[in-house]
Amino acid sequence: MAMTATLCSSCFRDPFLKAFIDEKGTDDSCSFGCTGSKALPLTMIADVIGDALSKHYSPVDTSHDEIEVGEDPVDLLLRLTGLEHPQAKAVVEYLRNREIRTHGSDQFFGSDLTFRTPWPFGQENRWQDFKQRVKFEARFLDPAAKYILDELSRDLPDFARGVAVSALPAGTRVYRARIGQTSEDATRIIEAGLPELGPPTTSQAHPGRMNAAGISVFYGAIEPDVAIAEVKPWVGAWVAVATFEATRDVRVLDLARIPSADQCESVFAPGFAALSQRIGFFRSFEYEIAEAVQPGQELIEYVPTQVVAEYVARTLELDGIIYRSAQTDEVGKRNVVLFPRNQVTESEDTTAVLRFPLKFVDGLSELRRVTGISVRSAGEIIWSRYVDLPPQDSEE
Ligand SMILES: [Zn+2]
């Protein structure tokens, strides 16, 4: 590409790059044959693009890491800027050469590198700040921690294209699973029904990622196979799976639907960094919900997610949170946690799940047997797929 190559505002779809060229450009013709738009030297626009990429993305070295995949730089530019392939290629070539000139070797735009957004381990990680605070400085929701959450959840219904808060309509089914020690034990659990398959009573509630000891929350899954995977059964284990139904519309913070920052906003927009940090917080929170805790560390390691969960329940007054499962590699597999309401109203309906907007669907409980587990890993993440069959199809 000659040094005098130009790009014009019609080459781009991104509104911020278009406006930049329209404002600063000249009437020089576009090297790529467009007519009637302002144009600027390709080098000048590529510098702007390169700065944004190095600020908001991390390189992945595909020559060393065969598992972790990022996005090819040309593909990333096609997606982010709306450039056509020849223009995007010219921009990437310029950025590579610029880097070789200034650093002497390929570093950020090298030919083996792809890109990914740096989550959940970005440098300016607000989740890490928040965690540090509630774990080691001021337990629970002190004004500073509350301020962080207030800021992050401002205008939540409109945040991230308006998908962060959603409703599970009345009648939506959710599932819970329990492992039986033997097939007889699992059968006994199913026959006992709600008392064995529902959430624990408050006095029996062990601390978890979303609840302090003594506070019973409902951990469930949107799909039965996720409920099975979440109890981490072994091959040969007998699992009782129960069905529940929402008795009204249930409003949830839907972490699974929050898109990546660059799907919500132009990476060239002035507010992109702030949006990216906000989404990074929710991503890191979701990631941590699923992460295992070293035995003995639960008391402190559970605190950050517990504090956010309580904030979602009490301050945002949402019924629960939907989050992706880390126990299955299938896309879109989701868990749901529902928070209890204060008042326990005695119900004549024996299928009502006290404190929760749920009823137990008697007669739909199932006995499953895990016949195989397949495991695959990517980086530090290990996914397991649980294969299960109804017991009559298995050998025993
Ligand atoms: Zn053009």
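This passage describes the overall make-up of a predicted model and then examines selected helices, cores and loop residues.

The protein contains 13 helices and 15 strands. Of its 396 residues, 36% are buried. Contacts across the chain were also considered: among those between residues at least 6 apart in sequence, 68% join residues at least 24 apart.

The interior was examined through its nonpolar cores. In soluble globular proteins, nonpolar side chains tend to be buried together. The largest nonpolar core in this model holds 61 residues, and the members that touch the most other members are V239, A240, V241, V252, I321, V337 and L338. Strand 8, which runs over residues 238–246, gives the most to this core, contributing 7 residues. The surroundings of V241 illustrate how one residue meets others from elsewhere in the sequence. When its neighbours within four places in sequence are left aside, V241 is in contact with Y175, A177, P224, A227, I228, S365, E366 and R368. A second, separate core comprises 29 residues, including C11, C30, Y57 and V267.

Attention then turned to the N-terminal part of the chain. S9 occupies the loop between strand 1 (6–8) and helix 1 (15–24). S9 has 23 other C-beta atoms within 10 Å and is therefore buried, since the threshold for burial is 20 or more. Although S9 and D22 are 13 residues apart along the chain, their C-alpha atoms are separated by 6.3 Å. D22 is also among the residues that S9 touches; with residues up to four places away in sequence not counted, the full set is K18, I21, D22, G25, S37 and K38.

Two of these contacts of S9, K18 and I21, are themselves buried residues of helix 1, as is L17. The buried residues cover an arc of only 105° around the axis, which places them on the same side of helix 1. An α-helix has 3.6 residues a turn, so residues three or four places apart point the same way. The face of helix 1 turned away from the buried side carries the exposed residues E23 and K24. The cover over the buried residues of helix 1 includes strand 1, strand 2 (39–41), helix 2 (42–56) and helix 3 (73–81).

Helix 3 shows a comparable arrangement of its own buried residues, which are P73, L76, L77, L80 and T81. These residues cover an arc of only 100° around the axis, so they lie on the same side of helix 3. The residue that follows helix 3 is G82, whose phi is positive, near 85°.

Helix 5 was analysed in greater detail. The helix consists of 12 residues, 126–137, and at 1.5 Å a residue it should span 16 Å; the C-alpha atoms at its ends are 15 Å apart, which agrees with this expectation. W127, F130, K131 and V134 are the buried residues of helix 5. Viewed down the axis, the buried residues fall within an arc of 100°, so they line one face of helix 5. On the other side of the helix, Q132, F136 and E137 are exposed. The elements covering the buried residues of helix 5 include helix 6 (143–152), helix 11 (272–290) and helix 13 (303–314).

The packing of helix 5 against helix 13 was characterised further. The axes of the two helices are 9 Å apart and meet at an angle of about 100°. Helix 5 and helix 13 are therefore roughly perpendicular to each other. In this pairing, F130, K131, V134 and K135 of helix 5 meet V303, P304 and V307 of helix 13.

Finally, two loop residues were noted for their backbone geometry. Most residues other than glycine have a negative phi, and most peptide bonds are trans. D155 is not a glycine, yet its phi is positive, at about 50°. D155 lies in the loop between helix 6 and strand 5 (165–168). D155 is exposed, with 8 other C-beta atoms within 10 Å. K232, likewise not a glycine, has a positive phi of about 45°. K232 is located in the loop between helix 9 (224–230) and strand 8. With 13 C-beta neighbours inside 10 Å, K232 counts as partly exposed.

Technical notes: Residues are numbered from 1 along each chain as its sequence is written. This is a predicted model: local features need pLDDT of at least 70, side-chain atom pairs count only at pLDDT 80 or more; totals for chains, interfaces and linings use all residues. Helices (H or I, at least four residues) and strands (E, at least two) are DSSP runs, numbered from the N terminus. The expected span of a helix is 1.5 Å times one less than its number of residues. A residue is buried if 20 or more other C-beta atoms lie within 10 Å of its own, exposed if 12 or fewer, and partly exposed in between; C-beta atoms are placed from the backbone. The arc is that of the directions from the helix axis to the C-beta atoms. Two residues are in contact if their C-beta atoms, placed from the backbone, lie within 7 Å. A nonpolar core is a set of buried Ala, Val, Leu, Ile, Met, Phe, Trp, Tyr and Cys residues joined through C-beta atoms within 7 Å. Axes are lines fitted to C-alpha atoms, for helices over the stretch in contact, and angles run from 0 to 180 degrees between N-to-C directions. Angles under 35 degrees count as roughly parallel, over 145 as roughly antiparallel, 65 to 115 as roughly perpendicular and the rest as oblique.
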